[in-house]
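Work through the following exercises with the sequence and the coordinates side by side. Each task is followed by a solution that goes step by step.

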Amino acid sequence: NKTCIIEARNVVVCGKDNEILGILISGEDVTDYLQNQNDLQNDINLYRILANNIPDINLFLFSSDLRFILAEGSEMRNNGFHRDDFEGRRLSEIKNNHLRKIWAPLFKSAVNGKETSAEYQYNGYYYQIWVVPVKTGSNQVFTGVAITQNITADKYTEQKLKSSGEE
């Protein structure tokens, strides 16, 4: 008693004088495909919830061609970005040149299987970014995840400690 979803296609077959000779009907079982899409959407929604409930971070999920699948987080909003500025776009298509230059080598490393991290400044804030490959069970990279964290308070504390130690 399994329900299947069939995608049907109909084609009218016509003769030389445009008279209808018949109809060709074909179908394909798309049940598994739709279930996989539903599972993926559920996973993405969980990532969104996670990213929105951890302060000072952004979470980006991107494909092997560096197209953003998900972009979410409080820091994105703090910097005037919306997920639509990223999702569905390739890294090369985002409007911010500064971020594109910093992120490009890190994202490329991830799709090549290497974990990377870096610190950078943006919009008066300090950030730490971690970029990691996401692999299948057979160890093939199929996507990547980037997490940025606002570390400005830590940097200011570090600077204060350094300056107090120098006096």
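**Exercise 1. Determine how many helices and strands the chain has, and in which order they follow one another.**

Solution. Begin with the assignment, in which helices (H or I, at least four residues) and strands (E, at least two) are DSSP runs, numbered from the N terminus. On that basis the chain contains four helices and seven strands. Reading along the sequence then gives the pattern β-β-α-β-β-α-α-β-β-β-α. The radius of gyration is 24 Å, well over the 15 Å that the globule rule gives for 167 residues, so the chain is more spread out than a compact globule; here the radius is taken over C-alpha atoms, and the rule is 2.2 Å times the number of residues to the power 0.38. Finally, the C-alpha trace spans about 95 × 40 × 30 Å along its principal axes.

This is a predicted model, in which local features need pLDDT of at least 70 and side-chain atom pairs count only at pLDDT 80 or more, while totals for chains, interfaces and linings use all residues. Residues are numbered from 1 along each chain as its sequence is written, and side-chain values use heavy atoms, with hydrogens and water left out.

**Exercise 2. Describe the burial, the contacts and the charges of the chain as a whole.**

Solution. Take burial first: 31% of the 167 residues count as buried, where buried means under 20% relative accessible area, exposed over 50%, and partly exposed in between (1.4 Å probe, protein chains only). Turn next to contacts, defined as heavy atoms within 4.5 Å: of those with a separation of 6 or more, 35% join residues 24 or more positions apart. As for charge, with Lys and Arg counted as positive, Asp and Glu as negative, and His and the chain ends not counted, there are 18 positive and 22 negative side chains, and the centres of the two sets lie 6 Å apart. Each charge is placed at NZ of Lys, CZ of Arg, CG of Asp or CD of Glu.

**Exercise 3. Is A110 buried or exposed, and which residues does A110 contact?**

Solution. Locate A110 in helix α3, which covers residues 97–111. A110 has a relative accessible area of 0%, and therefore counts as buried. Leaving aside neighbours within four places in sequence, A110 is in contact with F62, V131, V132, P133 and V141. By contrast with these contacts, consider Y126, 16 residues from A110 along the chain: the two C-alpha atoms are separated by 22 Å.

**Exercise 4. Examine the backbone at D56 and at N123, and state what phi each has.**

Solution. Recall first that most residues other than glycine have a negative phi. D56, which is not a glycine, nevertheless has a positive phi of about 70 degrees; D56 lies in the loop between α1 (31–53) and β3 (57–63) and is partly exposed at 36% relative accessible area. N123, likewise not a glycine, has a positive phi of about 55 degrees. N123 belongs to the loop between β5 (116–122) and β6 (125–135), and its 49% relative accessibility makes N123 partly exposed.

**Exercise 5. Find where E19 lies and what E19 touches, then consider the cysteines C4 and C14.**

Solution. E19 sits in the loop between β1 (6–14) and β2 (20–29), and is partly exposed with a relative accessible area of 36%. Not counting residues up to four places away in sequence, E19 touches V13 and C14. C14 is itself partly exposed at 39%, and C4 is partly exposed at 41% relative accessibility. A search of the whole structure finds zero disulfides, a disulfide being a pair of cysteine sulfur atoms within 2.5 Å.
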